Amino acid sequence: MNVFPDLHLEDFRAEVEPKALGRQLGERDRPMLDAVEDQGQAKISQFIAEKKNEAVQLRDERLTEIDKGLAELDHPLLPGALESVTQKALAEFQDAEQRYATNLRSDLQEWRKRREDFLDFKEENGISREPDYHSTFRRCMGGIGLFVLLVAESFINGGFLAEGSEGGMRAGWTLAGGFSLVNILLPFALFGPVSRYVRHVRPVLKIAGASSLVAWVLMALALNFGLAHYREASEALVEDPDAVMVARLFTQPFGLETAASWLLLVLGLGFSVLAFYEGWKFWGDAYPGYRGVHVRMTEARERLDDLRDEAGHGLKVVRQKWLATAQETLDRARIQPAETRRLLKSEGDLLSAFEDHVEQLQSYGAMLVEEYRVANHAVRSDGAVPASHVGAWLLDPAPPHRVRTWEPRMVDDSALATLQAEHVETVRVLNTQWETAQQRLGLASQNPGGENAAP
């Protein structure tokens with residue numbers, strides 16, 4: 001076991017320099033002949049003792065780790081380990097089921113109510129088709145497109161109207177901007193939305209929708225024909241282009257004389273139609289109110305589906321958690337005998353390696369002390385041997401290692417067979433409880449409106 005660091009005599013010799021130390025003290029006839037303590041020898045002893053203490057610390061740390069591992073292996077052997085897993089799992093299943101049951105019941109009732117409202121609306125208004133309306137993203141894009149139309153029409157009309165205008169470009173752009181606001185914003189914000197009522201079952205609303213549609217057609221034609229005639233009148237530099245425009249509009253509305261005027265008319269009518277279409281679709285389905293009931297039903301269904309997914313995931317997590325716990329308990333029991341023997345062998349190898357390490361420290365320390373003594377005796381003026389050098393040098397013994405107060409227990413074949421049978425039963429109970437909880441919460445049903453869904 002390679003737990004303790006390798007020892008090298010040359011490294012020790014370079015660290016304490018026993019010969020130099022012996023000569024240095026010997027030239028002063030140190031230690032005294034009758035001295036019990038030897039300063040140089042004590043320095044070597046202290047160095048070796050530090051190495052021994054480091055080894056003791058490593059030994060005790062490793063023994064603590066081994067004891068911890070043996071204690072963990074001993075835990076699954078307690079009777080009823082898997083029964084405890086089963087009881088805890090069932091309790092957690094029950095908590096999860098109770099936590100979701102009330103919310104699922106409430107969301108299911110809300111979805112059913114919204115669905116009834118939707119079906120009643122279709123029946124009351126004689127609608128047999130699915131709703132057709134823009135998504136939120138499409139509505140945002142429609143709003144952006146409407147702004148682009150407004151700018152584009154103002155730019156185009158400003159260029160046409162500036163030709164022949166006494167006010168020049170500024171007057172042309174001002175008139176074009178006002179025209180574009182009326183030509184685009186009114187169909188989008190007023191005529192388009194109100195015209196949807198032309199399909200309503202109530203006569204009053206149907207008349208309002210038809211009136212709005214007719215009003216838009218008349219406004220679009222009058223506005224765009226009038227603008228085209230105004231352009232020709234201003235280009236001809238007549239004294240009163242407004243009066244000329246009104247006269248031509250009533251006497252010869254189709255009497256436009258230039259291609260530019262016809263182009264201005266077609267572009268204006270096209271922009272107005274696009275704005276009318278966006279206003280018709282922007283606020284929902286062509287049938288007023290149909291989008292609202294459908295959106296409320298769809299949102300209720302999405303909330304129910306989200307909660308069902310959350311509940312299903314929660315039950316799945318509980319099941320997987322306790323199945324993993326049961327499998328881990330069984331796996332630990334299966335490997336317990338081999339792992340226990342491995343740790344006990346590791347403990348024996350550790351203690352043996354420690355003894356060898358301390359013995360090597362004793363040997364190296366004795367060699368260093370002997371080198372120190374020889375060098376010291378060689379340079380002493382009295383040629384005598386101090387009393388502290390007579391006996392052999394010995395390293396202080398290491399403190400004893402801990403003695404475990406309990407013995408690890410081994411899993412025998414009969415206990416393992418029992419545990420395996422308990423594991424099979426635990427898996428069966430957990431799967432059964434998982435399926436039952438799903439059924440009670442209505443998660444196993446494909447139809448969230450079924451009779452068994454979250455009663």
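**Note on an all-helical predicted model**

1. Arginine 380 is buried, its relative accessible area being 6%. This value, like the others in this note, comes from a predicted model. The side chain of arginine 380 meets that of aspartate 382 in a salt bridge, with an N to O distance of 3.2 Å, and aspartate 382, at 35% relative accessibility, counts as partly exposed. The pair therefore joins a buried arginine, at 6%, to a partly exposed aspartate, at 35%.

2. Salt bridges that share partners also link Asp67, Glu347, Arg402 and Arg404 into one network. Within it, arginine 404 and glutamate 347 form a salt bridge in which the closest N and O atoms are 2.9 Å apart. Arginine 404 belongs to the loop between helix H10 (290–379) and helix H11 (413–441), whereas glutamate 347 belongs to helix H10, so this pair ties together parts that are 57 residues apart in sequence. Arginine 404 is buried, with a relative accessible area of 15%, and glutamate 347 is buried as well, with a value of 10%.

3. A further salt bridge is formed by aspartate 60 and arginine 59, whose closest N and O atoms lie 3.0 Å apart. Is each partner buried or exposed, or partly so? Arginine 59 is buried, at a relative accessible area of 2%, while aspartate 60 counts as partly exposed, at 31% relative accessibility. The bridges described here are taken from a set of 20 that a search of the whole structure finds.

4. As to the fold, the chain holds 11 helices and 0 strands, and its pattern, read along the sequence, is α-α-α-α-α-α-α-α-α-α-α. Of the contacts in the chain with a separation of 6 or more, 82% are accounted for by residues 24 or more positions apart. Buried residues make up 40% of the 455 residues.

5. The largest nonpolar core has 36 residues, and those with the most contacts inside it are Leu104, Tyr290, Leu315 and Leu441. Helix H4 (81–124), H10 and H11 each supply at least two residues of this core, and the largest share, 14 residues, comes from H10. Apart from this core lies another, of 29 residues, which includes Leu70, Ala353, Leu368 and Trp393. As general background, nonpolar side chains in soluble globular proteins tend to be buried together.

6. Turning to the surface, the chain exposes about 25200 Å², of which carbon and sulfur atoms supply 57%. Which residues make up the nonpolar surface patch of about 480 Å²? The patch is made by Met141, Ile144, Phe147, Val148 and Val151. One of these, methionine 141, is found in helix H5 (residues 136–162), and this residue is partly exposed, with a relative accessible area of 41%. Since patch residues must have over 30% relative accessible area, the value of 41% for methionine 141 satisfies that cut-off.

Key
Residues are numbered from 1 along each chain as its sequence is written. This is a predicted model: local features need pLDDT of at least 70, side-chain atom pairs count only at pLDDT 80 or more; totals for chains, interfaces and linings use all residues. Side-chain values use heavy atoms; hydrogens and water are left out. Patches are made of residues with over 30% relative accessible area and no salt bridge: like charges are joined within 9 Å, nonpolar side chains (Val, Leu, Ile, Met, Phe, Trp, Tyr) within 5 Å. Accessible areas come from the Shrake-Rupley method with a 1.4 Å probe; for residues, only the protein chains shown count as cover. A salt bridge is a side-chain nitrogen of Lys or Arg within 4 Å of a carboxyl oxygen of Asp or Glu. Helices (H or I, at least four residues) and strands (E, at least two) are DSSP runs, numbered from the N terminus. Buried means under 20% relative accessible area, exposed over 50%, partly exposed in between (1.4 Å probe, protein chains only). Contact means heavy atoms within 4.5 Å. A nonpolar core is a set of buried Ala, Val, Leu, Ile, Met, Phe, Trp, Tyr and Cys residues joined through side-chain atoms within 4.5 Å.
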